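Me: Please take a close look at a single part of this model, the open sheet and the helices that pack on it, and describe how the pieces are arranged.

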Amino acid sequence: MPEPIALWVAPVSNLAGVARHILDVARVGLPGYRLVVTAPEGPLLEQLRAMGRPVVPLEVDCSVTDTVRALRSTVRRLKPVMVHSHLAKADFLVTMATVGLAVTLVSTEHHIPEDPLTFHGTRAKALSRQAAHNARIRRFAALIAVSESTKRDMLRNWRPTAPITLVRNAVDRIAPASRPPGLRILSLTRLAPEKNLETTLRTFREVVRSHPEARLTLAGEGSEAIRLQHLARELGVSETVSFPGHVDAAEAMADHDVLLQPSKADNLSYTLLDAVNAGMGVVASDIGGNPEILPAHCMAGPDDVAALAALVIDQGLTPQRRPQLPPGIPTVEEMANGIVEVYRRSGRR
């Protein structure tokens, strides 16, 4: 008898955090289920195809009506027992596409910013979005949060009727190579306002004042690239800051000593998990799920430039103070098993 299908719905095509989550689960599989992913064409589906995982392209840049119609057709054709959505846009599409269909809905929440204005601009928009979440969340049999902080934010903002299960983002432990002291600093994130990269540059300027040998690589792509390059020149650090765009994350981490991430919107960051796993020094803001990864001596307020700079120097020049992964971070297989346990408790409607 064929395994029942769990249809995962994601509205993204790029290889950011949600795609990483999906690819990790696809690599180990969901015990007892056949995983099928529907998402827009792009690098995510390409990698899934290379892994031999079944995919269904989903156009999300057309009208909502057309997207919902296509998704409903996929659900009717595949007859999944679970439709599992990732990110708010997928949640809304799924609730519309499955009306009247005998399927259990599950949602994983990957990120809720502590400040509701981070993504919505005005309080009116934030409240409107919150009301929409309160309504749609009642269609779901189960909810998954990838960090304890996200679970708290879901309870506070959405008042869900479905149970929320904590299944943290995962990483498989490696034996990190021995790393000497150094101040080769890496920022590895989307160049977007919520990532607080202006503070990254200002922190680096403080580091350079006492350690002129320090270097910063501000890797990534996004809308803030040109503004950040101008700011580096204004701060007088452009000669020691590079903007390489997209880079291979593992290679970049191997070539640097400290990861600096004073973001104002983080959940349970895969970048932080990977950096700790690789034995890097790590400095981040004390927000979101960061305290679930890092000890207190690796964090400061997202706007506390002086404290962040002091931590960067400490992490760079004192390797024995660099963090280790806490036991609460699961392996990828443990994460997949946790998701399946949510399915089991949710039943098959």
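Reply: Two strands are taken to pair if DSSP finds at least two bridges between them. In this predicted model, strand 8 (residues 184–188) and strand 11 (residues 258–261) pair in the parallel sense over 2 bridges, and Ile185 has Val258 in strand 11 as its bridge partner. Helix 11 (residues 270–277) packs on the sheet, where it touches strand 8, strand 11 and strand 12 (281–285), and the direction of helix 11 makes about 160° with that of strand 11.

The wider setting of this pairing is an open sheet of 6 strands, whose order is 10-9-8-11-12-13 and whose pairing is parallel. At the edges stand strand 10 (241–242) and strand 13 (299–300), each of which has a single partner strand, so one side of each is left without a neighbour in the sheet. A further helix, helix 12 (residues 305–317), lies across strand 8, strand 11, strand 12 and strand 13, and helix 12 runs at about 165° to strand 12.

As for aromatic pairs, a search of the whole structure finds 1. The ring centres of Tyr33 and Tyr343 are 5.1 Å apart and the ring planes stand at 75°, so this pair is edge-to-face. The pair links distant parts of the chain, 310 residues apart, with Tyr33 in the loop between helix 1 (17–28) and strand 2 (34–39) and Tyr343 in helix 13 (residues 332–346). Tyr33 is buried, with a relative accessible area of 10%, and Tyr343 is likewise buried, with a relative accessible area of 1%.

How values were computed: Residues numbered from 1 in each chain as written. Predicted model: local features only at pLDDT ≥ 70, side-chain atom pairs only at ≥ 80, totals over all residues. Heavy atoms only, no water. Helix = DSSP H or I, 4+ residues; strand = E, 2+ residues; numbered from the N terminus. Contact = heavy atoms within 4.5 Å. Axes fitted to C-alpha atoms, helices over the stretch in contact; angles between N-to-C directions. Phe/Tyr/Trp six-rings, centres within 6.5 Å; stacked < 30°, edge-to-face > 60°. Buried < 20%, exposed > 50% of the residue type's maximum accessible area, 1.4 Å probe, protein only.
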